[in-house]
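Visitor: I am new here and would love a short tour. Could you show me what we are looking at?

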Amino acid sequence: MKKARLPDGQVLLAHQYKKDEHGAELLCADPDCNAHMGFRREALTHGSLALKSAHFFSKSVKEHITDCNAHEELAIQAKHRKSLVQAIREGKNIVINLNVRLMENFNGVAGALVCQSSTNDVRDYAAVGARNIEDMLDYIETITEKGGDAARAKTRVNYQGKTLPLEDFIIDSKDKFRTLLNSMYLTMQSTPRQIKQHGPDNIHSVQEITDFPRLIRFSATEGSREGRTKALRGTPINIFKKPGQRIVLLQRADTDDKFRQTLRGEVVHLIARPSLHWHEAQRARRELDENNPVVFLDMHWKVVSATQFTPDEKPAPKNAPDKPKQGSLGI
Ligand SMILES: [Zn+2]
């Protein structure tokens with residue numbers, strides 16, 4: 001949204017807003033609506049994507065009054081939610097189309113093993129489109145609230161013609177990270193690496209192992225700006241392979257500089273494509289086989305634009321104690 005209202009009633013355009021001058025409290029521009037708004041500065045995006053201009057966003061779309069006239073997208077969202085609630089009530093399958101631009105290369109080496117190739121075999125489904133992470137979180141909340149686990153189990157996320165169950169799409173525990181890692185290693189094993197040759201074919205050789213996009217809760221680590229690579233580092237995940245051996249899964253969000261500044265020290269929700277460098281994944285595999293007690297592995301979360309992350313207002317949950325468990329590759 002382009003406009004928001006200050007507590008004193010003044011209405012501002014997004015490019016006029018300055019936090020130091022106007023304060024952090026922002027409300028919906030409609031004087032009768034007291035929905036809370038957030039602000040996102042102008043941000044460049046990777047590759048050929050356009051500049052995303054400064055804008056205000058709803059912290060929770062549901063806070064807007066039914067006839068709010070400031071939220072230009074509210075009517076469309078309300079319609080989507082209504083059809084979603086209707087579908088849940090009828091026990092239909094739900095497909096959330098992920099209409100977000102992500103880094104290239106998805107279909108090349110993505111985890112074909114975990115993805116269904118199309119939604120055509122899912123009959124009697126209702127589809128909704130998520131254009132950004134707020135849409136996605138909003139749909140998940142609605143599905144959970146109105147239909148519980150049963151509705152969640154009937155929901156799949158569709159991206160570029162491949163779908164994944166909602167529960168696999170959300171990475172919110174160590175076990176989910178473990179499953180993801182196993183899936184990526186299975187992909188690596190089943191993808192023959194092209195032998196290096198001179199000539200144009202060389203550029204097609206596989207440099208990374210990737211997988212279906214995921215929704216993760218990312219905790220940006222304080223102070224990583226000083227690091228050599230200037231990557232946005234997240235809290236590492238410890239995965240125990242067996243007693244006396246663990247994998248330290250380093251989290252790294254590959255984002256634009258501006259997002260790195262914004263995210264410093266914050267907890268955010270992120271939609272991103274996970275990726276491992278081929279050489280690094282091989283090296284870690286070898287170190288595991290050699291029984292190294294600690295094996296580091298760098299997970300890259302490929303983030304393209306501001307539509308793919310959003311601040312998380314909730315306090316961080318306490319970490320559950322680690323329990324060694326056997327995955328498909330024993331990790
Ligand atoms: Zn409103």
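Visitor: Does Asn291 count as buried or exposed, and why?
Guide: Happy to start there. This is a predicted model, where local features need pLDDT of at least 70, side-chain atom pairs count only at pLDDT 80 or more, and totals for chains, interfaces and linings use all residues. Residues are numbered from 1 along each chain as its sequence is written. A residue is buried if 20 or more other C-beta atoms, placed from the backbone, lie within 10 Å of its own, partly exposed in between, and exposed if 12 or fewer do; because Asn291 has 11 such neighbours inside 10 Å, Asn291 counts as exposed.

Visitor: Where is Asn291, and what is its phi?
Guide: Asn291 sits in the loop between α8 and β16; helices (H or I, at least four residues) and strands (E, at least two) are DSSP runs, numbered from the N terminus. Asn291 is not a glycine, yet its phi is positive, at about 65°.

Visitor: How far does helix α8 reach from its first C-alpha to its last?
Guide: Helix α8 covers residues 278-289, which is 12 residues. The expected span is 1.5 Å times one less than the number of residues, giving 16 Å for α8. The model comes close to that, with a reach of 17 Å.

Visitor: Which residue is at the centre of the kink in α4?
Guide: Helix α4 (residues 133-153) has 21 residues, but its end C-alpha atoms are only 20 Å apart, short of the 30 Å that a straight helix would reach. The bend at a residue is the angle between axes fitted to the seven residues ending there and the seven starting there. In α4 there is a kink of about 125°. Among the buried residues of α4 is the one at the kink's centre, Gly147.

Visitor: Which residue in β16 is the bridge partner of Leu249?
Guide: Two strands pair if DSSP finds at least two bridges between them. Strands β14 (residues 245-254) and β16 (residues 294-302) pair in the parallel sense over 9 bridges, whereas β15 (residues 267-277) and β16 pair in the antiparallel sense over 3 bridges. Pro274 has Trp301 of β16 as its bridge partner, and for Leu249 the partner is Leu297.

Visitor: Which residues touch the most other members of the largest nonpolar core?
Guide: A nonpolar core is a set of buried Ala, Val, Leu, Ile, Met, Phe, Trp, Tyr and Cys residues joined through C-beta atoms within 7 Å. The largest has 51 residues, and those touching the most other members are Ile96, Leu249, Leu270 and Trp301.

Visitor: What separates the C-alpha atoms of Val100 and Gln308?
Guide: Val100 lies in the loop between β6 (93-98) and α3 (106-109), and counts as buried because 20 other C-beta atoms lie within 10 Å. Contact means C-beta atoms, placed from the backbone, within 7 Å; leaving out residues up to four places away in sequence, Val100 touches residues including Ala130, Ile271 and Gln308. Val100 and Gln308 are 208 residues apart along the chain, but their C-alpha atoms are separated by 7.5 Å.

Visitor: Where in the chain is confidence lowest?
Guide: Here pLDDT is the predictor's confidence in each residue, from 0 to 100. The chain averages 77, and 70% of the residues score at least 70. Confidence is highest in strand β10 (residues 170-171), at 95, and lowest, at a mean of 47, in α3.

Terms used: Two residues are in contact if their C-beta atoms, placed from the backbone, lie within 7 Å.
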